[in-house]
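Please walk me through this structure at an unhurried pace, from its interior to its aromatic pairs and one of its sheets. I would like each term explained as it comes up.

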Amino acid sequence: MPEILNSCILFQEPRQVVRKFLARPQNEGVGAIVRRSIGRFELRYFDPFLLLDEFSVSAPAGFPDHPHRGFETVTYMLQGGVTHEDFEGHKGTISAGDVQWMTAGRGIVHSEMPASQGTQKGLQLWINLSSKYKMIEPRYQELSSKDIPEATKDGIKVRVIAGEALGAKSPVYTRTPTMYLDFYMKPGAHLQQPIPINWNSFVYVLEGEGVFGSRKSSATSAHNLLLLGKGDGLEVWNKPSSKGGLRFILVGGEPIGEPVAQLGPFVMNSEQEIDQTVEDFENFVNGFEKARHWTSQSDASSTLH
């Protein structure tokens, strides 16, 4: 465990940045634009994380009816809103600052479409599930912006989506142990955030420029993903000379350490299980029964025009 001396944390092994990627825009869904960092050809998988997209979508574009099996999706809205609808009858809208933590489990077919005019922006993270959880019943955990725990200290503000930071703790239950923290740092602020030493972790910069891992590191700007090496904590600096605030997410998770077989929105442990999943989906069985006669309202209305 890190030592604390005069309110300063002394990490035994501070985490350093070991790889850096600029997430470039690409097309996804129907007319949507995403900046994909995890899940692209340079970084197919970062156990337990399958994908990270920073998305931007304006009606009529979006993510119409599509299936998932074997993992969780975490949608965090930054601007505007997205309306979600699935074949279980679950429907709702998440707006700026809200979070939807969806466990697809054995199977979900759903749509995610813009809730209003203008550009809707957010992050979507896919978290793998271990083999013992892949075929559980789907479920949701949803937090409105006002219910996400926050803490402020020494020029730092954090929103705790999962895990804990600066004394604030999230109520979200994570089957794959996960931390998901949204930090904002004023110029001159210095952050020391503990991370479980055996977890994989990364940073994705949303706004401003920051120095991560070592004071000697060069500053990193928006849309960059930073993979962190081993260690028990991360240090971050927003230089006093910075022209504005630094905003980034820090995400960490306990590696599952199991084989991964993936075909688009299906993530299992073997190619045989993927083949079975495709067969289940095409035949509307074993978790996909309700897909036979279901179409989302947004998809149905689009086919009428």
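A contact means that heavy atoms lie within 4.5 Å. By that rule Leu125 touches Phe49, Leu51, Leu52, Glu72, Thr73, Val74, Tyr180, Phe202 and Val251, where residues up to four places away in sequence are not counted. This is a predicted model, in which local features need pLDDT of at least 70 and side-chain atom pairs count only at pLDDT 80 or more, while totals for chains, interfaces and linings use all residues. Residues are numbered from 1 along each chain as its sequence is written, and side-chain values use heavy atoms, with hydrogens and water left out.

Leu125 also belongs to a wider grouping, the nonpolar core, which is a set of buried Ala, Val, Leu, Ile, Met, Phe, Trp, Tyr and Cys residues joined through side-chain atoms within 4.5 Å. Here buried means under 20% relative accessible area, exposed means over 50%, and partly exposed is in between (1.4 Å probe, protein chains only). The largest such core has 27 residues, and Leu125, Tyr180, Phe202, Leu225 and Ile249 are those with the most contacts inside it. Among the strands (DSSP runs of E, at least two residues, numbered from the N terminus) that each supply at least two residues of this core are β8 (71-79), β13 (119-128) and β25 (246-253). A second, separate core of 24 residues includes Ile195, Val203, Leu228 and Phe248.

The aromatic rings come next. Rings of Phe, Tyr and Trp (its six-membered ring) pair if their centres lie within 6.5 Å, and planes under 30 degrees apart count as stacked, over 60 as edge-to-face and the rest as tilted. By this rule there are 9 aromatic pairs. The rings of Tyr76 and Tyr180 have centres 6.1 Å apart and planes at 85°, so this pair is edge-to-face. Because Tyr76 lies in strand β8 and Tyr180 in strand β19 (residues 178-185), the pair ties together parts that are 104 residues apart in sequence. Tyr76 counts as buried, at 0% relative accessibility, and Tyr180 likewise counts as buried at 0%. Phe183, Phe212 and Phe248 form one aromatic cluster.

Finally, there is a sheet to trace. Two strands pair if DSSP finds at least two bridges between them, and 3 strands form an open sheet in the order β20-β24-β22, with antiparallel pairing. Its edge strands, β20 (190-194) and β22 (211-212), each pair on one side only. β22 and strand β24 (residues 233-237) pair in the antiparallel sense over 2 bridges, and Val211 has Trp237 as its bridge partner in β24.

Note on methods
Helices (H or I, at least four residues) and strands (E, at least two) are DSSP runs, numbered from the N terminus.
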